[in-house]
Amino acid sequence: MGFPDTRFNVNLSILFTELPLLERPAAARAAGFTAVELWWPWVDAPVPEQAELDALRDALNDAGTRLVGLNFYAGQLPGPDRGALSIPGEESARFRANVPVAVEFARSLGCASFNALYGNCVEGVDPAEQDRLALENLAFAARAVAEADGTLLIEALNAPESPHCPIVSAPKAIEVVDTVNAATGLDNARFLMDLYHLSMNGEDLDEVIDRYTPKTAHVQIADNPGRGAPGTGDLDLAGLLDRLAKAGYDGWTGLEYKPGDRPSAETFGWLPADRRGARF
């Protein structure tokens, strides 16, 4: 697998998690990567202490790694939650409190891509009410992101692993993208195309790429089955990424796979060392 035309980044919330958070950027850099992304690192703190934000910023800068993607607060992730923005009450408020903090933190590192996970359906709450709340919060986030010349990402998860999440197909995610853009008039919402999640849904990945690449601003990969490194499952990831490139995609591709029982640094043998450092 050569992947000569792909710009990779490492997701430090699923890889290198055998290390403390502040040690992960240096570990990624030692493995040859210069670009990283993160889920919101403080699952219990949508608004962490400034010292914690400063320490992570310093760790990224000192390692020579650039942050290219950041999730907004999404509850317990990994864990039972799949987002916060559609959850009435405290979780919705926590999401809104997080938005300006996340935008300012990312902007200070040159990052302009923000993933807003929708959230699970809540028992006893009308799904239409959750959708109205979600649109309100997504529009709020899109406007905040616009002030940083950024992009709001909408991701489709997979139904087998996230049975309570309503965004579990590419067409549904695209519907949300279009609804947010229509509501704000900003046209800064885009699709996050996670090939692992879409393959778990049984979607035709070639068709998804052909139809939705123009509305895609970020890609994530893991092999399937197993959510491991490329080559551990059955997906033709080299072919899929080549198809994306031919369809015009030139953005980041996040490595969002599980390392298994090995240290993360030992899971990159599929990718030649000279392909790891990103072109900015």
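**Notebook: barrel, cysteines and one loop**

I began with one pair in the barrel wall and noted that L192 stands opposite H218 in β7. The model I am reading is a predicted one. The two strands concerned, β6 and β7, pair in the parallel sense over 4 bridges.

**Entry: β6 to β8**

I stayed with β7 and asked how many of its residues are buried. I found β7 mostly covered, with 5 of its 6 residues buried. I then followed β7 to its other partner, and recorded that β7 and strand β8 (residues 252-255) pair in the parallel sense over 3 bridges. Within that pairing I looked up I221, whose bridge partner in β8 is L255.

I next looked for a helix over this part of the wall. Helix α7 (residues 205-212) lies across β6 (189-194) and β7 (216-221). I noted its direction as well: α7 runs at about 160° to β6.

**Entry: the whole barrel**

I then traced the strands in order. They form a closed barrel of 8 strands with parallel pairing, running β1-β2-β3-β4-β5-β6-β7-β8. From one strand to the next, I recorded an average twist of 30°.

**Entry: β2 and β3**

I moved to strand β2 (residues 35-38) and strand β3 (residues 66-71), which pair in the parallel sense over 4 bridges. I looked up two positions facing β3: E37 stands opposite G69, and L38 stands opposite L70. I also checked the cover of β3, which is mostly covered, as 5 of its 6 residues are buried.

The helix I found here is α3 (residues 90-107), which lies across β3 and β4 (113-115). I recorded that α3 runs at about 170° to β3.

**Entry: the loop between β2 and α2**

I looked up two residues in this loop, V47 and P48. V47 lies in the loop between β2 and α2 (50-63), and P48 is found in that loop between β2 and α2 too.

Is V47 buried, exposed or partly exposed? I recorded a relative accessibility of 48% for V47, so V47 counts as partly exposed. Leaving aside neighbours within four places in sequence, I found V47 in contact with A97 and V101. I also took the spacing of V47 and R94: they are 47 residues apart in sequence and 8.3 Å apart in space, C-alpha to C-alpha.

Is P48 buried or exposed? P48 counts as buried because its relative accessibility is 8%, under the cut-off of 20%. Not counting residues up to four places away in sequence, I found that P48 touches W40, W42, L53 and V101. V101 had also appeared in my list for V47. For a further spacing I chose P48 and L15, which are 33 residues apart along the chain, with their C-alpha atoms separated by 22 Å.

**Entry: cysteines**

How many disulfides does the structure hold? My search of the whole structure found 0 disulfides. I looked at C165, which is in no disulfide; the nearest cysteine sulfur, that of C121, is 7.5 Å away. The cut-off for a disulfide is a pair of cysteine sulfur atoms within 2.5 Å, so a separation of 7.5 Å for C165 and C121 does not qualify.

I then checked exposure. C165 is buried, with a relative accessible area of 5%. C111 is likewise buried, with a relative accessible area of 3%.

**Entry: the chain as a whole**

I finished with the overall values. I counted the secondary structure of the chain as 8 helices and 8 strands. The radius of gyration of the chain is 18 Å, close to the 19 Å that the globule rule gives for 280 residues, so I noted the chain as being as compact as a globular protein of that length. Along its principal axes, the C-alpha trace spans about 50 × 45 × 35 Å.

On burial, I recorded that 54% of the 280 residues in the chain are buried. I recorded an accessible surface of about 11,400 Å² for the chain, and carbon and sulfur atoms account for 49% of that surface. On contacts, I took those between residues at least 6 apart in sequence, and 76% of these join residues at least 24 apart.

Notes: Residues numbered from 1 in each chain as written. Predicted model: local features only at pLDDT ≥ 70, side-chain atom pairs only at ≥ 80, totals over all residues. Heavy atoms only, no water. Pairing = 2+ DSSP bridges. Axes fitted to C-alpha atoms, helices over the stretch in contact; angles between N-to-C directions. Contact = heavy atoms within 4.5 Å. Buried < 20%, exposed > 50% of the residue type's maximum accessible area, 1.4 Å probe, protein only. Rg over C-alpha atoms; globule rule 2.2 N^0.38 Å. Areas by Shrake-Rupley, 256 points an atom, 1.4 Å probe, with all protein chains shown as cover.
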